[in-house]
Amino acid sequence: MSELTLRVIAYGGRDSRVEISILYPIPEHLRGSSYVKTWCMDLVKELHPDLKHNSSWGCVECSKPARETNVTTVTWTHLPEPQAVVYIYHLCEAGRNRCNKEVLALNRMMAAMTPGAGPQRPAIHKKRPGVEYPLSASCCKCKKNSTGSPDAGLRRCGGCKLSRYCGTECQTADWPRHKQLCKYIKSVEWVN
Ligand SMILES: [Zn+2]
Ligand SMILES: [Zn+2]
Ligand SMILES: [Zn+2]
């Protein structure tokens with residue numbers, strides 16, 4: 001009732017995957033109300049830098065360096081113990097390209113198989129032409145392309161063992177935001 005059990009499963013190229021368990025306190029004034037769902041969707045958006053910038057992810061379909069994500073959240077926030085599962089697919093591009101088409105088809109299949117609580121995608125802002133999103137492999141704070149190269153030596157936060165930074169300067173600068181998540185991460189399990 002007082003905490004949201006959030007499970008995040010992120011998929012990348014070459015069958016790589018991470019499963020993250022988060023136990024996040026629900027703000028007191030929202031507990032037991034229908035607003036928990038909205039709050040949960042906002043939370044997933046806020047945590048996006050940490051959920052994206054944590055490994056040298058490749059596109060789930062073509063294995064090229066990933067820059068975008070397809071995020072689907074399934075919520076059971078009406079239950080006595082509110083839960084949500086976030087599926088993240090790392091992609092080269094999340095637009096109307098071939099790679100995302102495969103993922104969208106998978107999403108539709110999943111929606112058909114989930115009774116009651118249907119999967120929800122966050123409101124997607126239209127990408128302006130010519131805009132390039134930062135590499136998933138880049139630093140969680142500065143998101144510079146140069147930090148996304150394999151020899152950039154990014155280090156994971158010692159607290160959560162998830163978010164990656166190019167140095168202490170970026171980690172310190174991101175702390176006021178990242179600390180909202182860091183201590184609530186219960187486990188991070190890497191596959192491949
Ligand atoms: Zn691709
Ligand atoms: Zn940085
Ligand atoms: Zn951390």
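## Exercises: helices and cores in a predicted model

In this predicted model, Cys-99, Asn-100 and Val-103 are the buried residues to look at in H3.

**Exercise 1.** Work out how the buried residues of H3 sit around the helix axis, and what they pack against.

*Solution.* Start with the angles: the buried residues span an arc of only 80 degrees around the axis, so they share the same side of H3. Next, flip to the face turned away from that buried side, where you'll find exposed residues including Arg-98, Lys-101 and Arg-108. Finally, check the partners: the buried residues of H3 pack against E3 and E4.

**Exercise 2.** Now try H1: find its buried residues and decide how they are arranged.

*Solution.* Pick out the buried ones, which are Val-36, Cys-40, Leu-43 and Val-44. Looking down the axis of H1, these fall within an arc of 100 degrees, so they line one face of the helix. The other side of H1 has Asp-42, Lys-45 and Glu-46 exposed. As for packing, the buried residues of H1 go up against E1, E2, E3 (68-76) and E4.

**Exercise 3.** Track down the largest nonpolar core and see which elements feed it.

*Solution.* The largest nonpolar core has 38 residues, and Leu-6, Val-8 and Val-86 are among those with the most contacts inside it. Elements giving two or more residues are strands E1, E2 and E4 plus helices H1 and H3. E4 supplies the largest share, six residues. Zoom in on Leu-6: beyond its neighbours within four places in sequence, Leu-6 is in contact with Ile-22, Tyr-24, Ala-84 and Val-86. Last step: a second, separate core of five residues includes Cys-139, Cys-140, Leu-154 and Cys-166.

Definitions and conventions:
Residues numbered from 1 in each chain as written. Chains lettered and ligands numbered in written order. Predicted model: local features only at pLDDT ≥ 70, side-chain atom pairs only at ≥ 80, totals over all residues. Core = buried A, V, L, I, M, F, W, Y, C linked by C-beta atoms within 7 Å. Buried ≥ 20, exposed ≤ 12 C-beta atoms within 10 Å, placed from the backbone. Helix = DSSP H or I, 4+ residues; strand = E, 2+ residues; numbered from the N terminus. Contact = placed C-beta atoms within 7 Å. Arc of directions from axis to C-beta.
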